[in-house]
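Student: Could you take me through one part of this structure up close? I'd like to see how two helices sit against each other.

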Amino acid sequence: MANSGILPGRLARNFLHHVTSRNNTRPGIASVGQRRLSPFYIPRSPCGETTSWLNHTSFSTTSPDDNSQTSSNRAASDDLATKSNTTITDSQAKTNNPQMSHLAELSKARLSALVVSTTAFGFLSAGPTALSFTSLPTFAAASIGTALCASSAATFNQVIEVDRDRRMKRTGNRPLVTGAVTKEMAVGLGCLTGTSGGLMLGLGTDPITTMLGIGNIGLYAGLYTYLKPRSEINTWVGAVVGAIPPVMGWTAAGGSLMDAEAVLLGSTLFLWQFPHFFALNWMYRTDYKRGGFSMVAVNDPNGDRTASLIKRYGLYLASLPFLSTALEVTSPMFSVDAGILLNGYALHVASNFDKERSNANARKVFLTSLWYLPCVMMLFMLHSRRWHEEVDADEMVLRDGESNDGSVLVSMQRLINKVQSKGRDLCMHEAIVSKDVGIWFGNESAKTVIDGSKCPISLGKTAAGNAGSSIAPKEEIIMKQESTREESQS
């Protein structure tokens with residue numbers, strides 16, 4: 001009974017061993033050593049790996065077809081070796097002659113494009129009055145110079161982090177990791193773009209903008225990259241890096257660092273990055289941990305801190321449109337469009353992530369941040385009081401008289417005014433004013449009339465200081481405006 005538990009598989013193996021060890025000669029079967037080959041015999045390589053008998057070259061068969069198959073397999077092996085050598089040669093050629101796609105990936109072209117858009121946003125936020133004293137070459141120098149500086153910072157960042165990028169799936173295909181670009185080439189590209197970007201900013205803009213651009217290279221490639229594997233504070237340092245480009249655009253257009261617009265522009269980009277990057281960190285927390293980076297999500301297994309930070313900075317970001325209206329930088333409707341509608345949805349998405357810390361909800365926060373930024377930038381320009389100012393086209397002629405950039409700026413102003421006009425048609429308060437009625441504050445003897453071309457929702461000191469409100473005919477508003485103009489002319 002001791003052998004009753006033998007499995008059928010063991011019996012089959014014993015039978016095969018008995019058949020293959022027989023000494024009788026069979027026709028059509030060649031010998032290897034003293035062992036006769038049976039149809040069940042499978043040769044093995046010296047390493048112990050099973051090898052197909054058709055590929056075994058230490059024996060021959062009497063069949064011509066077998067000889068032709070062996071030759072075919074040998075030719076296939078030669079072709080495979082040739083293809084392998086060709087692949088190695090192609091890889092070396094790519095290293096010696098990297099493609100433009102590799103250089104774009106090394107420079108993080110998409111990130112640089114985002115940086116350029118925020119710089120252009122800061123420049124155009126100065127309004128037509130400020131733009132009339134500048135020129136399109138200044139705008140081009142600020143945009144291209146910022147893009148080159150951003151490219152330089154991204155290149156040096158990848159040079160320093162190449163070993164950590166090699167461990168991560170998300171960055172495993174970067175040019176330095178795959179060998180498509182050598183480290184020497186990358187360093188040369190970083191120096192070239194950084195130097196040309198600094199020169200373009202220095203020659204085409206002003207010293208403050210130039211210092212901000214060059215300083216941002218050191219801040220990103222230096223302090224930020226150094227802190228990424230060491231401290232969670234790297235996210236806050238990176239947010240400062242992202243907040244500088246719109247301020248560069250503002251200063252390049254002739255603004256000051258102490259202007260309210262500069263503070264609001266920089267604060268918007270600074271606060272926007274936290275929901276954006278905290279959501280990204282959560283989605284790739286395992287990958288960041290594999291790369292050895294110190295991120296909030298890596299040290300937050302339950303997601304409590306990540307969700308709390310996303311909601312907190314989302315609330316800070318939602319308060320900026322109201323602050324902008326209170327400072328009279330934008331019209332009151334900016335607080336409605338951006339402060340309530342736009343940020344209301346962003347906070348709703350953040351709240352969903354707080355309830356369920358899943359990658360799907362984190363992705364919604366991330367994707368929301370992508371379209372949120374261009375929307376808030378466009379709304380800021382449309383509601384900016386600087387773009388409500390009327391500028392004579394003659395003021396847009398350059399002082400040296402070499403060329404006229406006024407046509408472009410006038411067209412831009414007309415486009416913004418057209419969009420603003422369409423927005424007034426959709427505003428229910430503007431609909432009231434645009435017909436037969438107007439709104440005025442105060443009593444009959446001292447009343448403040450709200451212009452029919454502006455939304456009557458106002459947080460101005462004059463309107464807030466007067467008590468009561470009434471509705472006045474639109475003709476009375478027009479008469480008041482004409483009388484005011486006559487008094488100013490006299």
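**A close look at one helix pair**

Tutor: Sure, let's start with the whole chain: its secondary structure comes to 20 helices and five strands, where helices (H or I, at least four residues) and strands (E, at least two) are DSSP runs numbered from the N terminus. This is a predicted model, in which local features need pLDDT of at least 70 and side-chain atom pairs count only at pLDDT 80 or more, while totals for chains, interfaces and linings use all residues. Residues are numbered from 1 along each chain as its sequence is written, and side-chain values use heavy atoms, with hydrogens and water left out.

Now find helix α12 (residues 260-283) and helix α14 (residues 304-326): they pack at an angle of about 160°, with their axes 9 Å apart. Axes here are lines fitted to C-alpha atoms, for helices over the stretch in contact, and angles run from 0 to 180 degrees between N-to-C directions. That angle makes α12 roughly antiparallel to α14 (under 35 degrees is roughly parallel, over 145 roughly antiparallel, 65 to 115 roughly perpendicular and the rest oblique).

So who does the touching? Contact means heavy atoms within 4.5 Å. On the α12 side, the contact residues include Leu 264, Trp 272, Pro 275 and Trp 282; on the α14 side, Ile 310, Tyr 313, Gly 314 and Leu 320 are among them. The residues of this contact divide into 15 nonpolar, five polar and no charged. Here Ala, Val, Leu, Ile, Met, Phe, Trp, Tyr, Cys and Pro count as nonpolar, Asp, Glu, Lys and Arg as charged, and the others, Gly among them, as polar.

Zooming back out, 40% of the chain's 490 residues count as buried, meaning under 20% relative accessible area, with exposed over 50% and partly exposed in between (1.4 Å probe, protein chains only).
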